[in-house]
Amino acid sequence: MKSKLSSYLNEYTEAAPLAVFRILFGLMMVISMVRFWMNGWIEKLYIHPDFHFKFYGFEWVQSLGVYTYVLFFICGLSALFVAVGFKYRWSVSIFFLSFTYIELIDKTTYLNHYYFISVLAFLLIFLPAGAYFSVDAVRAYKKQGDPSMSGDLIPKWTIDSLKVLLSVVYIYAGLAKLNSDWLIEALPLKIWLPSKFDTPLIGSMFGQPWIHYLFSWFGAAYDLCIPFLLLYKRTRIFAFVLVVVFHVLTRVLFPIGMFPYIMIVSALIFFDAGFHKRIVLFLSSLFRYPLELLESNKKKQLINLGKQRIALFVTAALLFFQLVFPWRYLLYPGELFWTEEGYRFSWRVMLMEKSGYAQFKIVDPETGKRFYVDNSDFLTPFQEKQMSFQPDFILEYAHYLCNHFTKKGHRRVEVYAEVQVALNGRLSRAYIDPNVNLAKEKESIRHKNWILPFDDAIKGL
């Protein structure tokens, strides 16, 4: 076993797939930054709100105000540098830090694919994606004057690590769909699809129950099977067609931004090196890239042994974390979809339709005075919507209200929440114990025992 592992770690392969992945990933991120800027979302989501919800442990991350535009510019520029392979290691590191900082400014904007981009960018820091077909390679060639000094082979595990990460994302998303609401009740697609009746060609069918079940079962099967179909050469083209059809359809039906396109271009990493080499040759003809640097000399990239060991260790640790961390929800009591404890960062994508109504009561125990808060005085409509059914949002907002009214002269402020939440089409029911003073409850990774129990059962993983 040890000898097989050692043999695998010393196996090399062509660098073209990693170079193509770097280019497409960088370009996708440039487009994403421009898209955010052009749609006015920087102002709307990060500058305009007076209050931002924070991830636990990252309360120190603050909005930069108008300088958030500078942060987005740095993020977009570093993504462009990643794409062309200019100062690659520095560029991808800056992209990771700037993009993740943006993501951490406000928990309200959390999406699985933002987390995926941060994880992917962090992994790319430790992979030699800028060593081939890059500005860095051209600069090194001009400095050395000898194309044979540039190798076109990289460790095989560097490409395989990307395949493993993508496989984890898909398979865990599929496992999360193996529950009674998704498979037996076709929820939440039974709620979502009928509203898409105006979709060209197929919209008229979205009211049919059999379509709801077809989409539900196909979605689960797709996520569970697609990595294996992409890995197997005989089914790879068919699998990629499925990837394109699936993600284009989800993009048409649901407003999930760039995620479908990112998953489509990422799936290309499963194709053989010859396919990527043809892409590289085509691009080189467009940009007059020195062809002598693309000639296959089967020479290994010169990678410092110490740095390679660090990269291997970090990559293994990251992939192990992604395998284990999503299962942390098993440590919490209650229904995951109800409490959402352990729900984020676990590759659970579009699994539930949840809505709520939250009303907060401020009580001054010394005077006995009490009054209700108008949430629109403090939160944007988007923030209020997300807060109304997520317990950590509710607690953080209660603390904010306590601090706010304490500064206004109220002493020993108590904050109580009256919250009603509906999950996957069920009738609304009480969500938070209305007799608990949330101002005294502390945020932690422990179970929030002031969440009222879910009086129903969703069976499955």
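Here is a short tour of a predicted model, from its domains down to a few single residues.

**The overall layout**

Let's start with the big pieces. The domain assignment splits the chain into domain 1 (1–156 + 273–340), domain 2 (177–270) and domain 3 (353–440). Domain 1 is written as two stretches of the chain. If you take the centres over C-alpha atoms, domain 2 and domain 3 sit 36 Å apart. There is some contact between these two: five residues of domain 2 meet four residues of domain 3.

**Helix 12 and helix 13**

Now look at helix 12 (residues 236–253) and helix 13 (residues 259–266). Their axes are 9 Å apart and make an angle of about 175°, so helix 12 is roughly antiparallel to helix 13. On the helix 12 side, the residues in contact are F240, V243, V244, H247, V248, T250 and R251, and they meet P260, Y261, M263 and I264 of helix 13. Sorted by class, this contact has eight nonpolar, two polar and one charged residues.

How many residues of helix 13 are buried? Seven of its eight, which leaves the helix mostly covered. The buried ones are F259, P260, I262, M263, I264, V265 and S266. The cover over them includes helix 12, along with helix 2 (16–38), helix 6 (112–125) and helix 8 (156–176).

**A16, in helix 2**

Helix 2 also holds A16. This residue has 1% relative accessibility, so A16 counts as buried. Leaving aside residues up to four places away in sequence, A16 touches Y132, A273, H276, K277 and V280. K277 is a nice one to find on the screen: A16 and K277 are 261 residues apart in sequence, yet their C-alpha atoms are 5.5 Å apart in space.

**The loop between helix 3 and helix 4**

Next, head for the loop that runs between helix 3 (41–47) and helix 4 (68–84), where you'll find H52. W60 is in that loop too. Is H52 buried or exposed? With 10% relative accessibility, H52 counts as buried. W60 goes the other way, with a relative accessible area of 57%, so W60 is exposed.

Setting aside residues up to four places away in sequence, H52 touches L45, Y46, S63, I105, D106, Q383 and E396. E396 belongs to helix 18 (residues 391–407), and its relative accessible area of 18% makes E396 buried as well. With the same kind of sequence neighbours left out, E396 touches F51, H52, F53, K54 and K107. In other words, H52 turns up among the contacts of E396, and E396 among those of H52.

Several polar atoms pair up around here, as the table shows.

| Side chain | Partner | Distance |
|---|---|---|
| H52 | side chain of D106 | 3.0 Å |
| H52 | backbone oxygen of Y46 | 3.4 Å |
| E396 | backbone nitrogen of K54 | 2.9 Å |
| W60 | backbone oxygen of G57 | 3.5 Å |

Back to W60 for a moment. How far apart are the C-alpha atoms of W60 and T406? They are separated by 22 Å, with the two positions 346 residues apart along the chain.

**Putting it together**

When you turn the model around, try these stops: helix 13 with its seven buried residues, buried A16 in helix 2, and then the loop that holds H52 and exposed W60. From H52 you can step across to E396, and from there to the backbone nitrogen of K54.

Note on methods
Residues numbered from 1 in each chain as written. Predicted model: local features only at pLDDT ≥ 70, side-chain atom pairs only at ≥ 80, totals over all residues. Heavy atoms only, no water. Helix = DSSP H or I, 4+ residues; strand = E, 2+ residues; numbered from the N terminus. Buried < 20%, exposed > 50% of the residue type's maximum accessible area, 1.4 Å probe, protein only. Polar contact = N/O pair within 3.5 Å; in protein donor to acceptor, adjacent residues only side chain to side chain. Contact = heavy atoms within 4.5 Å. Axes fitted to C-alpha atoms, helices over the stretch in contact; angles between N-to-C directions. Parallel < 35°, antiparallel > 145°, perpendicular 65-115°, else oblique. Nonpolar A, V, L, I, M, F, W, Y, C, P; charged D, E, K, R; others polar. Domains from an automatic or database assignment.
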